[in-house]
Amino acid sequence: AGKSTLMSILYGFYTADSGSIEIEGQPAQIRNSHDAIALGIGMVHQHFMLVDTFSALDNIMLGAEPSWHLPAARTEVRAKLDALMQGTGLVVDLDTVVADLPVGERQRLEILKALYRGARILILDEPTAVLTPHETEQLFVVLRGLRARGTTILLITHKLKEIMALCDQVTVMRQGAVVLDTPIADTSIDALAEAMVGRKVNIGRQSDSS
């Protein structure tokens, strides 16, 4: 459909052939991920971008070290992260090597990394695809908390119940084009499914009975 490609353009991984980007009503030029981060955009990919042999703390610091004196830098970053974790509920064991973290905690680490870099717009690409039902519920609690704090969250998912439960606005893309853009209050699971596939389906009633 082009969802992940579009978000990769927004995050500076790809360059758009045409069109424009506006953030808070102002034109924005995003040539690379550094530009995106400077504009307050963070992205958590479906396949995590973490160094497995580094600790959680060092993964967050990597590329954003406050100084070249690493012991002092770690102390400073840890203090900021402790406050961030307390405020968001995104609790991660900062001293554990990433390879030893469960999947749900790795995802929280990716979100923490984006927030530490100042993300006000958070892109999540299929965030529940690798999570257990319990981890998914934990993620939803965190996302609702971030939304309440003023963070804009762009959620890429095929799971229609998640869209209806979490989102304020939904945009459906099919074959690289937007085919529906509407407030959640004005749509339904059946309407979203029809927009996705281009014909009438009864997925809402089927999923309710399953």
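Colleague: Taking a pocket as an open set of grid points with protein on both sides within 12 Å along at least five of seven lines, and lining residues as those with an atom within 4 Å of a point, which residues lie nearest the centre of the second largest pocket?

Modeller: Bearing in mind that this is a predicted model, the second largest pocket is lined by 20 residues, and those nearest its centre are Tyr11, Ser33, Ile37, Lys113 and Arg117. Helix H2 (33–38), E3 and H5 are the elements that give two or more residues to that lining, and H2 provides the largest share, with 4 residues.

Colleague: What's its volume, and how does the lining split by class?

Modeller: The volume of the second largest pocket is about 430 Å³, and its lining has 11 nonpolar, 6 polar and 3 charged residues.

Colleague: And the largest pocket, what volume does that one have?

Modeller: The largest pocket has a volume of about 1,400 Å³, with a lining of 49 residues, among which Leu6, Met7, Leu10, Leu154 and Thr171 lie nearest the centre. By class, that lining divides into 28 nonpolar, 11 polar and 10 charged residues.

Colleague: Which element gives the most to it?

Modeller: E6 gives the most to the lining of the largest pocket, with 6 residues, while the elements that each supply at least two residues also include helix H1 (3–10), strand E5 (152–156) and helix H8 (189–197).

Colleague: Switching to enclosed space, how many cavities of 30 Å³ or more are there?

Modeller: The count comes to 1 cavity, and its volume is about 50 Å³. Its lining has 4 nonpolar, 3 polar and 2 charged residues, including Leu90, Arg108, Glu135 and Val142. Helix H5 (103–116) and helix H6 (133–148) each supply at least two residues of this lining, and H6 gives the most, with 4 residues.

Colleague: Arg108 is in that lining, so what does arginine 108 form a salt bridge with?

Modeller: Arginine 108 forms a salt bridge with glutamate 105, where the closest N and O atoms are 3.9 Å apart. The two are separated by about one helical turn, because they sit 3 residues apart in helix H5.

Colleague: Are those two buried or exposed?

Modeller: Both glutamate 105 and arginine 108 are buried.

Colleague: How many salt bridges are there in total, and which one links distant parts of the chain?

Modeller: The count comes to 8 salt bridges, one of which joins the side chains of glutamate 24 and arginine 120 at 3.8 Å, N to O. That pair links distant parts of the chain, 96 residues apart, with glutamate 24 in the loop between E1 and strand E2 (26–28) and arginine 120 in the loop between H5 and strand E4 (121–125).

Colleague: Why does glutamate 24 count as exposed and arginine 120 as partly exposed?

Modeller: Glutamate 24 counts as exposed because its relative accessibility is 68% and the cut-off for exposed is over 50%, whereas arginine 120, at 38%, counts as partly exposed.

Colleague: What about lysine 80 and glutamate 76?

Modeller: Their side chains meet in a salt bridge at 3.4 Å, N to O, and they are about one helical turn from each other because they lie 4 residues apart in helix H4 (residues 70–88). Lysine 80 is partly exposed at 44% relative accessible area, and glutamate 76 counts as partly exposed at 36%.

Colleague: Last one: which residues make the nonpolar surface patch of about 320 Å²?

Modeller: That patch is made by Phe13, Tyr14 and Met49. Methionine 49 is in the loop between strand E3 (41–44) and helix H3 (56–61), and it is partly exposed, with a relative accessible area of 47%.

Definitions and conventions: Residues are numbered from 1 along each chain as its sequence is written. This is a predicted model: local features need pLDDT of at least 70, side-chain atom pairs count only at pLDDT 80 or more; totals for chains, interfaces and linings use all residues. Side-chain values use heavy atoms; hydrogens and water are left out. On a 1 Å grid over the protein atoms alone, a cavity is a set of points where a 1.4 Å probe fits but cannot get out, and a pocket is an open set with protein on both sides within 12 Å along at least five of seven lines; lining residues have an atom within 4 Å of a point. Grid points are joined across faces, edges and corners, and a volume is the space filled by probe spheres set on the points. Ala, Val, Leu, Ile, Met, Phe, Trp, Tyr, Cys and Pro count as nonpolar, Asp, Glu, Lys and Arg as charged, and the others, Gly among them, as polar. Patches are made of residues with over 30% relative accessible area and no salt bridge: like charges are joined within 9 Å, nonpolar side chains (Val, Leu, Ile, Met, Phe, Trp, Tyr) within 5 Å. Accessible areas come from the Shrake-Rupley method with a 1.4 Å probe; for residues, only the protein chains shown count as cover. A salt bridge is a side-chain nitrogen of Lys or Arg within 4 Å of a carboxyl oxygen of Asp or Glu. Buried means under 20% relative accessible area, exposed over 50%, partly exposed in between (1.4 Å probe, protein chains only).
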